[in-house]
Amino acid sequence: MELTLTSYCLLGSLVFCLLVQLYFSLFYHRKLAFLKIAPVPEISGRPLTVVVCARNEAENLKLNLPALLEQNYAEFEVVVVDDRSWDGTGDVLKEFAKQYAHLKIVTVTDGEKFIVGKKFALTMGIKAASNEWLVFTDADCLPASQNWLLGMQQPEDEQIDFILGYSPYIKNRGLLTSLICFETFFTAVNYLSFALRKQSYMGVGRNMAYKKSLFFKNRGFAAHMHIPSGDDDLFVNAHANKHNTLIQVHKDTHVWTEPKTSFGAYLRQKKRHFGAGKLYKFKHKFVLSLQIIFQFLFYALLIGCMFFKETLYPALGIFALSILIRCFIYPRLLRRLSYRKLRFWFPLLDILLFIFLVFNGIVSIFVKKVQWK
């Protein structure tokens, strides 16, 4: 069947979009897929402080705090900030403090002199920290092993200010959970891969570390205190560079957490993250926008090609080629990042994730108000 000029344009555009996608897959993501992961150090280094913010987290603290306090590390403290809780969080922390001398409690109470939000609570926790190296996680998070802090400890290289870790969601049954896990996986692959290429643009507060002096030298969260999100990714985006950032993806240093159980809750969570992304550096917004735009165009053109007989089979062939090439990278990454069971579903989840991101972007345009719990 002879191709028309329109057919050539459609197929040519589809191939170009594929090449852009493969650029990110092969130049960025492939490096993470085949990275040789060093073992976790066996010896503790300098003292460090774990900082956790807790707002109405009594039950999660009962489950997860012992794992933080009983890490295989010589000298550390855990600072938990009770941020205006009313569910008994304070009482739970006081009971733990009787058993663990290295637990430090900071209490934020309601009052006009306090700024409401997680960033203020985190600032109070950082001020209370006794050590220079700070490791961050959340009250609903559980380290994969007792060696978590050994992997997240301060490197000997004084030039390093950040360590970006990885925090997967626990995989339960259901399509929503699979989508959440895959979105978390893809986000992690992206920011970890970019960091490997010396282009760090974000981190996740469930598992990251940085210097206390860096925080106060740059006036903490002052530049974006006016928005509820961004305590993790915006701080990294502003101050990480090609010399001061490392990643840690060893399986012993993963930090697990439970996913949202409803689509509405998950949508609200992603809406907060979408708002923070608007304040990224221009070069990061530009590159990340290219990823999304060309992914959108790829699927839009693929659908368009299916309406014409002369482009249907060539377009399906191009789509099959894209899946085949990515099969050498993403199943390996899924295994590496603790989502082995999703490796057979990644083509379908990739399409569903794209649909969700477009939907979330549209919703975020019209719904502005977000808050932390």
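Student: Is Glu 158 buried, exposed or partly exposed?
Tutor: This is a predicted model, and the accessibility is computed from it. Buried means under 20% relative accessible area and exposed means over 50%. Glu 158 has a relative accessible area of 45%, so Glu 158 is partly exposed.

Student: Which side chain does Glu 158 meet in a salt bridge at 3.9 Å, N to O?
Tutor: The pair links distant parts of the chain, 53 residues apart. Glu 158 sits in the loop between helix 5 and strand 6, and its partner sits in strand 7. That partner has 7% relative accessibility, so it counts as buried. The partner is Lys 211.

Student: Which residues are linked with Glu 158 and Lys 211 in a network of salt bridges?
Tutor: A search of the whole structure finds eight salt bridges. The network holds Glu 158 and Lys 211, along with two further residues. Those are Arg 46 and Asp 161.

Student: Why are Glu 95 and Lys 98 separated by about one helical turn?
Tutor: Their side chains meet in a salt bridge at 3.0 Å, N to O. Glu 95 is partly exposed at 48%, and Lys 98 is exposed at 67%. Both lie in helix 3, and they are about one turn apart because their spacing is three residues.

Student: Are Asp 138 and Lys 118 buried or exposed?
Tutor: Their side chains meet in a salt bridge at 3.2 Å, N to O. The pair joins distant parts of the chain, with Asp 138 in strand 4 and Lys 118 in helix 4. Asp 138 and Lys 118 are both buried.

Student: What is the volume of the largest cavity?
Tutor: The search finds one cavity of 30 Å³ or more. Its lining includes Lys 118 and Asp 138. Strand 4 gives the largest share of that lining, three residues. The volume is about 70 Å³.

Student: How many residues of the lining of the second largest pocket are nonpolar?
Tutor: This pocket holds about 450 Å³ of space. Its lining has 21 residues, with Pro 41, Gly 151, Leu 246, Ile 247 and Gln 248 nearest the centre. Six lining residues are polar and three are charged. The nonpolar count is twelve.

Student: Which helix gives the most to the nonpolar patch?
Tutor: Ile 293, Phe 296, Leu 297 and Val 358 make this surface patch of about 300 Å². Ile 293 is partly exposed, at 44% relative accessibility. The helix that holds Ile 293 gives three residues to the patch. This is helix 10.

Definitions and conventions. Residues numbered from 1 in each chain as written. Predicted model: local features only at pLDDT ≥ 70, side-chain atom pairs only at ≥ 80, totals over all residues. Heavy atoms only, no water. 1 Å grid on protein atoms, 1.4 Å probe; cavity = no way out; pocket = protein on both sides within 12 Å on 5 of 7 lines; lining within 4 Å. Points joined across faces, edges and corners; volume = space filled by probe spheres on them. Nonpolar A, V, L, I, M, F, W, Y, C, P; charged D, E, K, R; others polar. Patch = residues over 30% accessible without salt bridge, like charges linked within 9 Å, V, L, I, M, F, W, Y side chains within 5 Å. Areas by Shrake-Rupley, 256 points an atom, 1.4 Å probe, with all protein chains shown as cover. Salt bridge = Lys/Arg side-chain N within 4 Å of Asp/Glu carboxyl O. Helix = DSSP H or I, 4+ residues; strand = E, 2+ residues; numbered from the N terminus. Buried < 20%, exposed > 50% of the residue type's maximum accessible area, 1.4 Å probe, protein only.
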